[in-house]
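Colleague: Got a minute to go through this model with me? I'd like to talk about the contacts inside one chain and then the ones between chains.

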Amino acid sequence: MDLKIIPLTISVFILHACVQHQSPLESNQVHEISDTIKVEYAEGFEVNYTGNFIQIISHSIANNSAFADTLEFPTAKVVPDLVGENVLAGQIENIACQSSTHVAFLSTLKSIDLVAGLCGMEYVQNSEINTTLAENNVAEICAAEQVDMEVLQKINTDLFLIYPFETEGKAKYDAAGIRTFFIAEYLEQTALARLEWIKLFGLITGKSKEANVYFEKAESEYLSLIRATKQVDSKFILNLPYKESWFMPSANSMIVNLIEDAGLTYYYPSSGITENETRSTEAVWNDAMYADYWIIMASRPVDFSLADLLTEEPVYKEFLSVKKNQVIFCNTATSDYFVQGVVEPQIILKDILLATGQVSNHQPKYFSLLK
Amino acid sequence: MLALGLSAIALLFALNLLLGDVSIPVSDIFTLLSGGEVENNSWSYIIESRLNRSIVAIFSGAALALSGIILQVYFRNPLAGPGVLGITSGASLGVAFIMLGGVGVVSFFGQIGVIVAGILGAVSVLFLLLLVSKFIHNAVTLLVIGLMFGYFTSAVIDVLFLWADLDETRAFVIWGMGSFEGLQTADLLLMCGIILLAIVSSAFLIKPMNALVLGSEYASSLGINLKVTKYLVILHTGVMAAIVTVYCGPISFIGVAVPQLVRLIWSSKNHFIQIPATLILGAALALLADLIVRVSGNTLPLNTVTALIGAPIIIYTIIKLNKKIA
Amino acid sequence: MLELIDISISAGSKKLFDLEKLQLQKGVIALVGRNGSGKSTFIRTLLGEHAAYKGAVNLNGKNIDEITAGEKAKLISVVYSRPQIFGNHRVDDVLLLGRLPHQNLFSKASDEDFEKVNQIKALLKIDSWSEKSFQILSDGEKQLVMIGRALVQDTPVILMDEPAAFLDIVNRYELSVLLKRIADQTGKLIICSTHQLDRIESDCDGLLLIAHQKMNYYNQPTEFLKTINTAFGIL
């Protein structure tokens, strides 16, 4: 071994030791809990109450690639020995989010002021939220979908809510002294399960009471809408192709379950896969001859019309849904479907019910019949 | 040999009509082709789409292979191809500006804007190359400049990705994988018309290409006007590569592999024979690649298949011709 | 045939040489001069590819700059020092390339073209090479084929720019003898730049010598070596 490397190595270690990665836990801080959380629908997280801690575990659902993450809040003064790496003491004052849907939950709980950094600020369509984010000087922590570590470290966040995409990603943040927690609400298979993650956000922000109230209200609206639903005996297909590939959401996906809650039946029965399925465009053309509804979520110009859609592909005019005037469209360029939509499943359901003629007296927010 | 090649094209064409995710009986295909009607209305569109797709494959394959052989002879380099001059990259850049460059909404395939931008991009590279070629008379230097231009435009496209949203990025990435699918009849006619024109006028390149195998000095002594030839080469390869790239994405390997295969298979060195052979083999290879894409249920991107077929061909012919090509 | 009047050739800003008057009809003419003296430039001037010259170059009484490229290719053929082909051509394919100026847009070879190729193969005694791959020939054999290609072009003038540069001693000897034989048998004018002087008196009919920025013509073979040595002061 080259001896010259030794002093160099030592100096690196010394420098390394000088950099303080994480403030030591102040173990006398206690997390405030306003209400008890009970998880009824969500499968991606659970909450355990032990003597001195509230433990939140987020984990993979069913056959998805396995992952798990734990966060613990002390509810009583704890002896320092018990303070593990998952423990987060005291109120969280500064959150960074990898997904703009996290902002929707926080905004609903009126905790948006906690957000210090956000990945993909441009995806937030809600102007009110945008204004608040701008006023609070929230940092854009991503460049080209990649988290910028320097920006992230600069905002000195208490907790960084991340996707469970890559486990080495978590290790990377750990090494940088950034506490992270996996949020995978998008893997939930029903709208209410996804919405229920608001309770987790309530725990984190100390607003579990507000979270419970919001959830219960939305839940009861959603359930009463289902009760009012007639079985319309109609089949539906989803979305639009990219050239020869048509990405069709899984029969177990949240959106398919939500539309089925409106009394419609998905054209493609469950194949046990939870990811989107790629079908060939010509196969979907063939199937579309028999599907009564065509429900599209896509980014299109304002005032996008049925006639505009038909110019995209001549065969569309032969679709049963087009002939029946039953194309339901959600313009993701103008509506806040991907963010605000997450916390308003009852409105989405009502949109679908209106478009399928099952309710009246409703102002559609996300989905409406394409004319 | 040429007849065999044409039969291969006919066979692949028929298979392309017949095979697909939706099985349509042969009798119904004939009914549809003769203008009749069948029980499922979508089938006529599916057959039309398969037909269009096959025609696009034939013309694209032929155009890329022809560009390839012209460039290989002109630059005396068996690895030259339409991508090398940077023309494909230029077209990509034009397409990227529309698809990624904050037009605000996702741009559709077949939209006039993409087409115009792609051709503008390719033509800009063309003019730049013409400008450079005024000062640089060395074919290899021009080739290197083309390569550098390719790297530069790729880098600019990477920069454009920074401003693109997810939908735009996805659309562009899918376009970049290459596909013969999705052309509507008007676009198809425009594309095939331009390619046909280029193929016919490439007759003017037969003699220059025959002479250029000896090098530009010898070619000049054989009465070839090098200046005119240079412009013909740039114009033909530029227009053909651009139009294919705009409509089908930057398709790799066909342009490089086919001319080499032709050199190996056909004994006549007259480009009066070699050019048609290149067209036929290029068309057949493109059809074969597309057939594989379709048989895979469209899960394999076209560029993956052309690489899977093309790269071994290139390796094989390079080894085989290693001693035979100067 | 080839006539040059009051020629002054330069390259860039550098003047190469002057030539008052020269008329050549046939035979092998050796073009001798030091490196950089302008031998290749002279050949390119005769081909009409070098514009930086004053004076007139006439071919069959017509100024070289007024002859179209197509016509010129039927009057002058050329052999360079490095034989190279892009492609897996056979010897016959390479020879046939010489017929290009005589062919139509599609380069279709006529019976006459094949006839010419066969004649030249017989003249060069390379009949048996027809199907051989050009790339596997030796350098000497390749250069022989390139000379055959120039002969197939069937021009009254053949220019050669150091054709023996990459050949060994035996091949140089054979090339020298061959050129003399071709010139005698066909009555062509062969101008050949060379640094090879051992057979210059026996195999060349004329000498074009570039020395001290002057080009002079000599036609007494027995005096060639002495003339050259005197001009360069190496005796």
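**Inside chain C, then across to chain B**

Modeller: Sure, and keep in mind it's a predicted model. Let me start with a salt bridge: the side chains of K188(C) and D154(C) pair up at 3.8 Å, N to O.

Colleague: How many salt bridges does the rule find across the interface of domain 1 and domain 2 of chain C?

Modeller: Just one salt bridge turns up across that domain interface. For polar contacts, the count between the two domains of chain C is three residue pairs, both residues at pLDDT 80 or more.

Colleague: Which elements give two or more residues to the domain 1 side?

Modeller: On chain C those are β7 (157-161) and α6 (169-186). The largest share comes from α6(C), with seven residues. By class, that side of domain 1 has ten nonpolar, three polar and three charged residues.

Colleague: Back up a bit. Where do the domains of chain C run?

Modeller: The assignment gives domain 1 as 1-75 + 156-235 and domain 2 as 86-154. Their centres, over C-alpha atoms, are 25 Å apart.

Colleague: And how many residues are in contact there?

Modeller: 16 residues of domain 1 of chain C touch 14 residues of domain 2. Together the two domains bury about 1,200 Å², with 66% of that on carbon and sulfur atoms. A73(C), K74(C) and R181(C) supply 31% of the area domain 1 buries against domain 2, more than any other three residues.

Colleague: OK, switching to the chain C and chain B contact. What area is buried there?

Modeller: About 2,800 Å², and carbon and sulfur atoms give 64% of it. The contact involves 31 residues from chain C and 32 residues from chain B.

Colleague: Which three residues of chain C supply more of its buried area against chain B than any other three?

Modeller: F86(C), N88(C) and L100(C), which supply 29% of what chain C buries there.

Colleague: How many salt bridges and how many polar contacts between those chains?

Modeller: The rule finds zero salt bridges between chain C and chain B. Polar contacts are another story: eleven residue pairs, both at pLDDT 80 or more.

Colleague: Which elements of chain C give two or more residues to the side touching chain B?

Modeller: α2 (69-73), β6 (76-79), α3 (91-97) and α5 (139-152) of chain C. The class breakdown for that side of chain C is 14 nonpolar, twelve polar and five charged residues.

Key. Residues are numbered from 1 along each chain as its sequence is written. Chains are lettered from A and ligands numbered from 1 in the order in which they are written. This is a predicted model: local features need pLDDT of at least 70, side-chain atom pairs count only at pLDDT 80 or more; totals for chains, interfaces and linings use all residues. Side-chain values use heavy atoms; hydrogens and water are left out. Domain bounds come from an automatic or database domain assignment. Contact means heavy atoms within 4.5 Å. Buried area is the accessible area (1.4 Å probe) that two parts lose on being put together, summed over both. A salt bridge is a side-chain nitrogen of Lys or Arg within 4 Å of a carboxyl oxygen of Asp or Glu. A polar contact is a pair of N or O atoms within 3.5 Å; within protein, one must be able to donate a hydrogen and the other to accept it, and residues adjacent in sequence count only if both atoms are side-chain atoms. Helices (H or I, at least four residues) and strands (E, at least two) are DSSP runs, numbered from the N terminus. Ala, Val, Leu, Ile, Met, Phe, Trp, Tyr, Cys and Pro count as nonpolar, Asp, Glu, Lys and Arg as charged, and the others, Gly among them, as polar.
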